[in-house]
Structures are given as structure tokens and as C-alpha cells.
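This report describes a ligand site and selected features of the surrounding chain. The sequence and structure are shown first.

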Amino acid sequence: MASKQKVQRNYDLSAEVYDSRYSDIQKEKYNLALQDLELQKPLLDLGCGTGLLKDFLGVDLIGCDISRNMLKKAKERGEIVVQADLENLPFKNISTILSFTALQNVPDIKKAIAELRKLNPKKLIITYLDKFDLVKEVENQFDIQEIRKVGEDVCLVSSHK
Ligand SMILES: C[S@@+](CC[C@H](N)C(=O)[O-])C[C@H]1O[C@@H](n2cnc3c(N)ncnc32)[C@H](O)[C@@H]1O
């Protein structure tokens, strides 16, 4: 796995072209992952990238990402943005955590999932690339209610234990 600094640098460099490459594919994932689900506010978008989810949902969203250049784009879309690392999250009182195609980048996934648990969300909706398997790590901290295949990702819909 690439180091965190390398991941950050790569996303900083690809921020300009990200939407033209991934917008359609990500929006298809949002559609499949979120259909039939009620999203209680406040909503936190972890690894928010350029804010494509903000566009898709059209609601207030707090976005967090490690890449400053990705966040600049998300801010332009109207997302409230915070530069932070998924392994160390400066948030409180979040009802719903959303995270699309970001968690597979994190070196210490146990620490990241423990951080999510600390936020005590009512609902956690995460997707990650299918070649990874985060079920066990999530299961240790949350009740998984549903596992959905969404494009090239797996989506886990969970609530706190
Ligand atoms: C594949 S992009 C997905 C972006 C967005 N969620 C979407 O649906 O388009 C992965 C994002 O995760 C962010 N990321 C990677 N590692 C991170 C970390 N440790 N903390 C916060 N964000 C991270 C990257 O900067 C990048 O914006």
C-alpha cells in the first residue's frame, strides 16, 4: 500500500482531472448504494474528494479529505470542507457517515474504523474497492445490516452496536 503522503500527493496531482475520469462511475455507485436509504443529518462525507457526492445529493454536507487540492474543488461545489486524516477525525455529533471509495487508501484500517465508531453515528455507509475486504474490521465496531455490490465497490450499510 502507498504511504499516506504518497496518497495525498497523488490526489493533489489528479484533482484537476478527477471529475472527467470518475464522475460517472462514482455517481453510479451513489445511486446503487443510497437507493432506499434515509439519510439523517448532519451528514459527514469522509474522503470527499472533489465533492461529487455533494452534487449528487444536493444537500448540506461536511466533507473531509487529506488532499488540499481535492478539497478546493469540493468547496467550490458548496461542501463545507475540513482537511483531516481518516485515522484522526476532528468531528462530533454526526448522524450519518458516508464514505465512497476512500477507506482502502488508509494504512491502519483498524484505527480508521475505531475513529468512525468514536463519532457514534446512527448510520455508516461506506464503500471500498472490491479487491479489499473490510467486513471483519467494520463488524468489530458496528452492526452490518446490508452488503451491496455497487459497481467496482462493495458497500456496507451499518449502524452502531
Ligand atoms: C477515489 S477518491 C474518492 C473521492 C470521493 N469520495 C468520490 O466519491 O469521488 C479517494 C479520496 O480519499 C482521500 N483519502 C485518501 N486517504 C485519505 C486519508 N487517510 N484521510 C482522508 N482522506 C483520504 C483522497 O484524497 C481522495 O480524495
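## Location of the ligand

The model is predicted. Its ligand occupies the largest pocket. A shell of 20 residues surrounds the ligand, and the closest are Y18, Q26, Y30, G47 and D65.

Helix α1, which spans residues 4-34, supplies the largest share of this shell, with five residues. By residue class, the shell comprises 12 nonpolar, six polar and two charged residues.

## Polar contacts and coverage

Two side chains approach oxygen atoms of the ligand. In the side chain of Y18, an N or O atom is 2.7 Å from an oxygen atom of the ligand. For the side chain of D65, the corresponding separation between an N or O atom and a ligand oxygen is 2.5 Å. Both distances fall under the cut-off for a polar contact, which is a pair of N or O atoms within 3.5 Å.

The backbone takes part as well: a nitrogen atom of the ligand lies 3.2 Å from a backbone N or O atom of I66. On its own, the ligand has 590 Å² of accessible area, of which the protein covers 97%.

## Aromatic pairs

The count of aromatic pairs comes to three. One of them joins Y30 and F56 in an edge-to-face arrangement, with 5.4 Å from centre to centre and 65 degrees between the planes. This pair links distant parts of the chain, since Y30 belongs to helix α1 and F56 to helix α2 (residues 52-57), 26 residues apart. Y30 is also among the residues closest to the ligand.

## Backbone geometry between α1 and β1

Two backbone features stand out against a general background: most residues other than glycine have a negative phi, and most peptide bonds are trans. In this model, D36 has a positive phi, near 75 degrees, although the residue is not glycine. D36 is placed in the loop between α1 and β1.

The peptide bond from K41 to P42 is cis, with omega near -5 degrees. P42 is likewise found in the loop between α1 and β1, the latter covering residues 43-46.

Conventions: Residues are numbered from 1 along each chain as its sequence is written. This is a predicted model: local features need pLDDT of at least 70, side-chain atom pairs count only at pLDDT 80 or more; totals for chains, interfaces and linings use all residues. Side-chain values use heavy atoms; hydrogens and water are left out. A residue is near a molecule or strand if one of its heavy atoms lies within 4 Å of it. A polar contact is a pair of N or O atoms within 3.5 Å; within protein, one must be able to donate a hydrogen and the other to accept it, and residues adjacent in sequence count only if both atoms are side-chain atoms. Accessible areas come from the Shrake-Rupley method with a 1.4 Å probe; for residues, only the protein chains shown count as cover. On a 1 Å grid over the protein atoms alone, a cavity is a set of points where a 1.4 Å probe fits but cannot get out, and a pocket is an open set with protein on both sides within 12 Å along at least five of seven lines; lining residues have an atom within 4 Å of a point. A molecule sits in a cavity or pocket if more than half of its atoms lie within 2 Å of its grid points. Helices (H or I, at least four residues) and strands (E, at least two) are DSSP runs, numbered from the N terminus. Ala, Val, Leu, Ile, Met, Phe, Trp, Tyr, Cys and Pro count as nonpolar, Asp, Glu, Lys and Arg as charged, and the others, Gly among them, as polar. Rings of Phe, Tyr and Trp (its six-membered ring) pair if their centres lie within 6.5 Å; planes under 30 degrees apart count as stacked, over 60 as edge-to-face and the rest as tilted.
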